[in-house]
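The following explanation leads through the assembly displayed below, from the layout of one chain to the contacts between chains and then to the interior of a single subunit.

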There are 4 protein chains.
Amino acid sequence: MIIIMKMNTVQQNIEAVVSRVEKAGFRTHLSVGEERTIIGVIGDERKLDRGAISRMEGVDRVVPVLRPFKLASRDFQPEDSKISINGHVFGDKKVIVMAGPCSVESLEQMRETAVAVKEAGAHLLRGGAFKPRTSPYSFQGMGEEGLKILAQVREETGLHVITEVMAPEQVDLIAQYADVLQIGTRNMQNYALLNAVGQSNKPVLLKRGMMSTIEELLMSAEYIMSNGNHKVILCERGIRTFEKYTRNTLDINAVPVLKELTHLPVVVDPSHATGKWTLVKAASKAAVAAGADGLIIEVHPNPAEALSDGEQSLKPHRFVELMSEVRRVAEAVGRTI
Amino acid sequence: MIIIMKMNTVQQNIEAVVSRVEKAGFRTHLSVGEERTIIGVIGDERKLDRGAISRMEGVDRVVPVLRPFKLASRDFQPEDSKISINGHVFGDKKVIVMAGPCSVESLEQMRETAVAVKEAGAHLLRGGAFKPRTSPYSFQGMGEEGLKILAQVREETGLHVITEVMAPEQVDLIAQYADVLQIGTRNMQNYALLNAVGQSNKPVLLKRGMMSTIEELLMSAEYIMSNGNHKVILCERGIRTFEKYTRNTLDINAVPVLKELTHLPVVVDPSHATGKWTLVKAASKAAVAAGADGLIIEVHPNPAEALSDGEQSLKPHRFVELMSEVRRVAEAVGRTI
Amino acid sequence: MIIIMKMNTVQQNIEAVVSRVEKAGFRTHLSVGEERTIIGVIGDERKLDRGAISRMEGVDRVVPVLRPFKLASRDFQPEDSKISINGHVFGDKKVIVMAGPCSVESLEQMRETAVAVKEAGAHLLRGGAFKPRTSPYSFQGMGEEGLKILAQVREETGLHVITEVMAPEQVDLIAQYADVLQIGTRNMQNYALLNAVGQSNKPVLLKRGMMSTIEELLMSAEYIMSNGNHKVILCERGIRTFEKYTRNTLDINAVPVLKELTHLPVVVDPSHATGKWTLVKAASKAAVAAGADGLIIEVHPNPAEALSDGEQSLKPHRFVELMSEVRRVAEAVGRTI
Amino acid sequence: MIIIMKMNTVQQNIEAVVSRVEKAGFRTHLSVGEERTIIGVIGDERKLDRGAISRMEGVDRVVPVLRPFKLASRDFQPEDSKISINGHVFGDKKVIVMAGPCSVESLEQMRETAVAVKEAGAHLLRGGAFKPRTSPYSFQGMGEEGLKILAQVREETGLHVITEVMAPEQVDLIAQYADVLQIGTRNMQNYALLNAVGQSNKPVLLKRGMMSTIEELLMSAEYIMSNGNHKVILCERGIRTFEKYTRNTLDINAVPVLKELTHLPVVVDPSHATGKWTLVKAASKAAVAAGADGLIIEVHPNPAEALSDGEQSLKPHRFVELMSEVRRVAEAVGRTI
């Protein structure tokens with residue numbers, strides 16, 4: 001941590017800051033400039049409260065030096081984490097594809113979709129039983145009945161399933177049925193929920209908040225990991241910006257940035273990141289070209305009848321086409337699918 | 001709802017859309033232009049799935065006409081809602097001021113703050129016992145012990161208290177101690193939590209998500225209200241933008257916009273909306289001048305020692321000064337404080 | 001400037017950075033931490049290229065210490081700048097109000113508006129003769145004919161005029177007619193234009209770019225001032241955010257921030273900052289309560305017939321009402337109008 | 001255009017709107033709902049002022065139906081525009097690569113870079129002689145001397161050159177030396193400049209404003225095209241968002257969106273869109289995978305000594321590596337390079 005004092009502040013203020021920092025068990029290093037003094041803090045600054053020091057008399061700004069995350073950081077674990085689900089390994093050479101509808105609507109719909117996406121080459125099945133909806137008047141999901149449908153379709157097709165968990169008290173129930181727990185974008189900073197999935201032993205797919213920074217995403221991963229569950233898969237799903245032509249703006253930069261900062265696998269959700277099915281294929285190819293370890297894509301046998309997110313869902317034959325084109329890109333960047 | 005068809009789409013697509021809308025129980029109205037056909041939908045469109053129709057063959061765009069919220073809307077209740085807490089009425093002529101520290105840290109700290117803010121004219125005491133923190137390594141609040149301190153200080157000073165609830169399972173516990181339940185910015189779309197506070201009978205202060213639109217804020221109020229609890233106070237607390245000089249950008253426009261759209265009271269949190277104590281006074285005066293029904297302000301007897309948010313907390317003597325200046329602005333706009 | 005080296009970088013990289021900085025005429029100060037070395041640079045860092053150093057081997061980040069602006073900074077001129085136009089002084093106790101239509105449309109329209117706004121208490125007349133429009137098919141302004149109308153109305157009413165300049169080659173022409181040159185939001189970083197108005201001796205009202213930071217606004221002021229023209233008035237006019245209910249988001253925080261950082265006068269444009277005439281009064285009161293030195297407001301005798309920006313223009317009788325309410329707020333914060 | 005009237009507005013307001021629209025030469029179509037009336041406008045709405053109608057008594061909202069651009073629209077020209085420079089065709093099967101330093105610094109630097117990028121497979125040489133810089137104290141470019149260096153290096157290497165034009169009065173001068181005129185991000189809405197390049201006969205590379213929507217980018221292209229110059233190449237170069245880890249956020253969605261909306265070629269600038277050289281390769285591959293027609297990349301023989309943008313410039317050997325990897329991706333999506 002570096003503490004930048006105000007121009008020409010009195011010596012007494014400098015001493016007060018130094019004294020406080022040293023009392024907290026850190027060493028300091030002074031750099032006396034022409035107009036300002038700068039105080040370097042030596043030690044693990046994550047244990048020091050930046051806000052409080054900012055507020056001391058004579059302090060202009062406090063600049064952190066260390067990154068605030070640790071377990072998620074590549075500094076502390078240089079090699080990639082590998083998370084295996086039913087033999088499909090996230091964080092390895094293969095690009096893992098999860099596909100399925102936004103919401104579980106019926107056994108027939110899930111079965112039809114599962115058979116189609118499996119045939120096209122998908123590795124996991126997605127589908128929401130508990131749905132976060134902006135409006136209390138929209139379809140809220142089938143609940144436990146939806147979970148049972150997912151389990152039955154897994155039984156029939158062999159595709160393992162990923163589904164969303166929205167509240168701490170749902171974790172145990174959902175963990176009985178699902179293979180991967182998904183934390184949605186609106187819950188990325190629902191700390192009670194992060195703690196709860198951190199205490200389960202299921203892999204967690206953590207979606208980036210639609211207006212959360214990359215660093216905040218990693219801090220939320222840190223919450224899960226600090227509870228003992230290190231099987232965290234990060235998901236870039238588009239951020240909210242001033243551009244309104246698309247539902248969200250896919251932050252493609254986040255893919256290589258995350259691969260630099262963390263050892264955790266990184267997947268992309270091109271369906272939410274664009275909000276329009278006509279753009280999903282291009283976004284998927286871009287994600288894989290940029291280095292994503294996986295994709296999570298909405299596919300629905302009849303999008304015009306979907307109970308949610310019909311605008312961004314692909315019909316099965318479009319998904320087949322997408323898989324074939326994405327495969328060529330994956331191979332071009334030295335991966336398989 | 002208005003459905004704009006693509007240029008020169010075939011008649012069959014138009015008929016399919018009309019047929020689907022009418023089967024769902026709505027009437028339609030066609031407007032045949034030179035290049036496009038537009039289909040008007042007559043009936044309560046909140047019951048029709050916009051996404052699914054967008055996805056039909058030949059549809060270019062779907063434009064909603066009605067606002068998606070109802071209980072919160074001024075269209076359905078023109079007169080202001082009034083919510084009384086210990087005789088202080090939100091939504092009336094008086095500007096209600098809530099003040100206190102970010103976190104409850106000790107009985108002494110709360111008692112000292114409560115006495116000071118009461119003397120300066122504050123009407124309620126704020127203080128967090130359960131704290132949402134970006135880092136799992138930061139102070140997470142005192143928990144139930146903090147609630148007990150709040151209750152004791154209420155006993156001693158007569159100031160009713162507002163405190164944050166972070167998870168559905170905390171609602172009952174916190175409702176035993178607190179007079180107003182606060183939903184924080186990261187939980188504005190935590191629907192399990194909104195449903196839970198909607199089933200309690202305590203007033204709820206709902207903070208706008210830092211990444212949420214005004215309409216989404218009203219939809220979250222609708223969640224609470226549709227569970228039966230109509231005592232919702234809305235809080236603008238700054239949004240996330242590209243500007244980084246301040247912690248957030250106070251969306252002052254939201255105050256008159258909300259007063260137009262809804263009958264619910266609207267308060268402003270100038271502490272989080274700026275993130276710097278030097279800006280809190282100017283932001284408070286602006287909020288009241290723009291029509292806010294209340295303010296929620298961080299005050300700490302010793303901000304440099306605060307366990308959270310020290311940068312944006314006012315010392316008690318600064319709060320006295322603020323109250324005096326805000327009072328003059330309140331009177332200039334025909335209100336009291 | 002502070003240079004933060006990467007964790008465990010080799011000594012040779014540290015020496016290369018130190019050597020480069022010292023060769024450029026600066027002194028350095030090393031702070032050797034447990035994991036990292038930090039190099040403090042002593043001297044006027046504005047003369048050192050931050051980007052180039054960031055790119056050197058072993059460098060993690062470079063943190064500036066000094067603000068990049070100088071002439072505009074309150075550090076270098078603590079007392080407020082005062083800019084007088086026809087006896088009305090920006091940056092003094094009086095809140096200066098500029099009012100008039102978006103575009104000059106005819107002599108009758110300007111005369112009628114000028115008489116009305118003068119009577120209501122406005123100090124200057126605004127009106128655009130050259131109009132920046134998103135579409136090449138929209139009305140582009142009356143050009144020099146519009147300037148002549150402005151000059152004639154000034155003659156008749158005694159109100160001095162402010163009008164926009166869009167290109168360097170227009171500066172001389174417009175300076176013959178106008179009393180204040182306005183730089184629009186889309187031109188805030190049109191450096192050729194900033195240099196051109198910097199070489200004129202007319203006061204300049206510089207509008208903040210709709211997605212420019214406060215610091216960039218001050219850097220653009222610095223461009224004008226470094227050409228010799230110190231008569232710069234800054235204007236907050238709303239920024240672009242994800243919120244779409246309003247045309248822009250009025251960054252009310254920018255008012256007290258600018259008053260801290262610079263000695264230049266700060267005015268607010270509540271018409272563009274909201275985009276809806278129903279919100280202009282609340283925004284005007286908020287601006288003055290927050291410390292603005294002036295307002296620039298769109299008024300049109302018949303907004304529904306306006307050739308541009310009719311949605312946000314006030315009718316004269318609404319402007320009278322606004323002036324009366326804003327006056328009370330101005331007095332409440334110790335100012336006149 | 002669709003005009004949505006307020007709930008229960010009086011008949012007289014509806015008639016006034018209809019009358020005004022019809023007087024302007026349009027036909028109307030009324031849709032009378034339970035709570036609201038909606039007025040459809042039939043005819044080329046680009047000629048009708050949306051703002052003025054919005055402001056009429058009883059009008060709630062006005063929704064445009066037609067896109068505001070025409071010459072740039074794929075509706076009016078379905079087939080791709082092809083723009084040939086020295087035999088390299090933008091908008092065709094080949095991905096065109098422009099490479100070179102941010103600024104022209106010396107003949108040696110340009111010559112060394114040109115030879116290197118040509119050998120690596122680049123098709124055009126980039127380099128700025130006139131530089132827009134945030135600070136008036138930063139290096140502003142070599143001016144005409146820089147243009148002469150570009151011309152000489154073109155002579156020597158056969159690489160045609162692209163360089164930035166910042167002001168209308170520079171267009172003639174720069175057109176003497178350059179093969180493609182670049183409009184920078186800060187000038188995307190500098191309408192005087194757009195008109196000036198629209199009157200030249202040189203191809204124009206138009207960078208998206210960092211704060212501009214996709215639609216605004218197309219409107220700026222429309223400005224150039226409506227002056228007679230149809231040789232416009234669009235460039236996505238990253239937008240400004242809340243995320244600060246990268247300099248800008250590459251809006252990769254914009255690539256397929258633009259390919260849908262317009263027939264003009266679309267290129268990507270991965271250097272500015274990321275701001276960090278370590279991310280440029282991933283962003284380049286993503287851009288080509290998403291369908292970009294070209295790339296414009298900063299390459300500098302010695303980035304740490306660069307006079308501008310050193311952080312994001314690639315060394316020549318990194319550019320060689322990038323070209324080789326991008327080539328494989330290009331082939332995977334059916335293109336060459």
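In chain A, the C-alpha centres of domain 1 and domain 2 lie 44 Å apart. Domain 1 of chain A spans residues 2–63, and domain 2 of chain A spans residues 83–332. The model is a predicted one, and the description below should be read accordingly.

The relation between chains B and C may be considered next. A turn of 180°, with a shift of 0.0 Å along the axis, lays chain B on chain C with an RMSD of 0.0 Å. That is the relation of a two-fold axis. The same surface serves both copies, since 100% of the contact residues of chain B recur in chain C. The residue of chain B that comes closest to the rotation axis is Ala286(B), whose C-alpha lies at 2.0 Å.

The interface itself brings 33 residues of chain B into contact with 34 residues of chain C. On the side of chain B that touches chain C, the elements giving two or more residues are helix 7 (214–226), helix 8 (254–261), helix 10 (277–290) and helix 11 (316–332) of chain B. Helix 10 of chain B provides the largest share of this side, with eight residues. By character, the residues of the side of chain B that touches chain C divide into 18 nonpolar, eight polar and seven charged.

Chains D and A form a further interface. Here, 33 residues of chain D are in contact with 34 residues of chain A. Helix 7 (214–226), helix 8 (254–261), helix 10 (277–290) and helix 11 (316–332) of chain D each supply at least two residues of the side that touches chain A. The largest share of that side, eight residues, comes from helix 10 of chain D. The residues on the side of chain D that touches chain A comprise 18 nonpolar, eight polar and seven charged.

Among the interface elements of chain B, helix 8 merits a separate look. Helix 8 of chain B is mostly covered, with seven of its eight residues buried. The buried residues in helix 8 of chain B are Ala254(B), Val255(B), Pro256(B), Val257(B), Leu258(B), Lys259(B) and Leu261(B). Their cover includes helix 7, strand 12 (232–236), strand 13 (266–268) and helix 10 of chain B, together with helix 10 (277–290) of chain C. The cover of helix 8 of chain B thus includes elements of both chain B and chain C.

Attention now turns to strand 9 of chain B and the strands that pair with it. Four of the five residues of strand 9 (residues 160–164) of chain B are buried, so this strand is largely enclosed by the rest of the structure. Strand 8 (residues 124–126) of chain B pairs with strand 9 of chain B in the parallel sense over three bridges. Within this pairing, Val161(B) in strand 9 of chain B is the bridge partner of Leu125(B). Strand 8, helix 4 (residues 144–157) and strand 9 of chain B make a right-handed β-α-β unit.

Strand 9 of chain B also pairs with strand 10 (residues 180–183) of chain B, in the parallel sense and over three bridges. Glu164(B) stands opposite Gln182(B) in strand 10 of chain B. A right-handed β-α-β unit is made by strand 9, helix 5 (residues 171–177) and strand 10 of chain B.

Note on methods. Residues are numbered from 1 along each chain as its sequence is written. Chains are lettered from A and ligands numbered from 1 in the order in which they are written. This is a predicted model: local features need pLDDT of at least 70, side-chain atom pairs count only at pLDDT 80 or more; totals for chains, interfaces and linings use all residues. Copies are superposed by least squares on the C-alpha atoms of residues with pLDDT of at least 70 in both. Two residues are in contact if their C-beta atoms, placed from the backbone, lie within 7 Å. Ala, Val, Leu, Ile, Met, Phe, Trp, Tyr, Cys and Pro count as nonpolar, Asp, Glu, Lys and Arg as charged, and the others, Gly among them, as polar. A residue is buried if 20 or more other C-beta atoms lie within 10 Å of its own, exposed if 12 or fewer, and partly exposed in between; C-beta atoms are placed from the backbone. Domain bounds come from an automatic or database domain assignment. Two strands pair if DSSP finds at least two bridges between them. A crossover is right-handed if, with the strands pointing away from the viewer, the path from the first strand over the helix to the second runs clockwise.
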